[in-house]
Amino acid sequence: MKSFQVNKSLRVVAIAAMLCFGATSGAMAVESVVVVGIGSPLTSISGVEFRRLWLGKTDRVNDVKLEPFESKDAGAVKDEFCSQILGKTSAEIKKYFIKEALAGGAKPPKEVTDFNALMSALEGSQSAISFMDKSKVDSKKVKIIEVRKD
């Protein structure tokens, strides 16, 4: 009888773990894309140019003045963006900007309160650039630009 209870308990734990893992994996599945306002002349950017822009080393790409923005509530999409586009973790990017601030160097992207504020900043600007989850792109307000491989 005890053996049956142990096996049943193990099965319950295994099923619960699979359900939790599956739910977590689905919740974390985001695809970040780089976006600009619909009126921006920019259609693509190289990975090197984008990293230089995002890290505050330049404010122009192809003679277009750009201002990076990010939303405070970006969460998992920020982690994916930092990893896939910048090649760093969110923590490494934060550490970089702390060092830059202490040295009087580059400033981080302008931070807005939430996704709606980000959309407002992008929508009305030819110079704003940011990232967001691809599933949230409103093609009437923003356009996705290609980040070319280096």
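This passage describes the overall fold, the two largest pockets and the salt bridges of a predicted model.

The secondary structure makes a convenient starting point. The chain contains 5 helices and 8 strands, and these elements follow one another along the sequence in the order α-β-β-α-β-β-β-α-α-β-α-β-β. Of the 150 residues in the chain, 33% are buried. Contacts between residues at least 6 apart in sequence were also examined, and 74% of them join residues at least 24 apart. The chain exposes about 9400 Å² of surface, and carbon and sulfur atoms account for 56% of that area.

Attention then turns to the open spaces in the model. Rolling a probe the size of a water molecule over the atoms shows where empty space is left. The largest pocket holds about 240 Å³ of space. It is lined by 13 residues, and those closest to its centre are Gln84, Ile85, Val147, Arg148 and Lys149. Several elements contribute to this lining: strand 1 (32-37), helix 2 (47-54), helix 3 (76-86) and strand 8 (142-148) each provide at least two residues. In terms of residue class, the lining of the largest pocket comprises 5 nonpolar, 5 charged and 3 polar residues.

The second largest pocket encloses about 180 Å³. Its lining is made up of Ser71, Asp73, Ala74, Val77, Phe115, Leu118, Phe131, Met132, Asp133 and Lys136. Helix 5 (115-123) and strand 7 (128-133) each contribute at least two of the lining residues, with strand 7 giving the largest share, at 3 residues. Sorted by class, the lining of the second largest pocket has 6 nonpolar residues, 3 charged ones and 1 polar one.

Salt bridges complete the picture, and a search of the whole structure identifies 3 of them. One is formed by Arg148 and Glu49, whose closest N and O atoms lie 3.7 Å apart. This pair links distant parts of the chain, since Arg148 belongs to strand 8 and Glu49 to helix 2, with their positions 99 residues apart in sequence. Arg148 reappears here from the account of the largest pocket, where it is listed among the residues closest to the centre. Strand 8 and helix 2, the two elements joined by this salt bridge, are likewise among the elements that each supply at least two residues of that pocket's lining. Both partners are partly exposed: the relative accessibility of Arg148 is 33%, and that of Glu49 is 23%.

A further salt bridge brings together the side chains of Lys65 and Asp59, at an N to O distance of 2.6 Å. Here too the partners count as partly exposed, Lys65 with a relative accessibility of 44% and Asp59 with a relative accessible area of 34%.

The remaining pair to describe is Lys78 and Glu70, whose side chains meet in a salt bridge with an N to O distance of 2.7 Å. Is each partner buried or partly exposed? Lys78 has a relative accessible area of 23% and is therefore partly exposed. Glu70, by contrast, is at 7% and so counts as buried, because the cut-off for a buried residue is under 20% relative accessible area.

Notes: Residues are numbered from 1 along each chain as its sequence is written. This is a predicted model: local features need pLDDT of at least 70, side-chain atom pairs count only at pLDDT 80 or more; totals for chains, interfaces and linings use all residues. Side-chain values use heavy atoms; hydrogens and water are left out. On a 1 Å grid over the protein atoms alone, a cavity is a set of points where a 1.4 Å probe fits but cannot get out, and a pocket is an open set with protein on both sides within 12 Å along at least five of seven lines; lining residues have an atom within 4 Å of a point. Grid points are joined across faces, edges and corners, and a volume is the space filled by probe spheres set on the points. Helices (H or I, at least four residues) and strands (E, at least two) are DSSP runs, numbered from the N terminus. Ala, Val, Leu, Ile, Met, Phe, Trp, Tyr, Cys and Pro count as nonpolar, Asp, Glu, Lys and Arg as charged, and the others, Gly among them, as polar. A salt bridge is a side-chain nitrogen of Lys or Arg within 4 Å of a carboxyl oxygen of Asp or Glu. Buried means under 20% relative accessible area, exposed over 50%, partly exposed in between (1.4 Å probe, protein chains only). Contact means heavy atoms within 4.5 Å. Accessible areas come from the Shrake-Rupley method with a 1.4 Å probe; for residues, only the protein chains shown count as cover.
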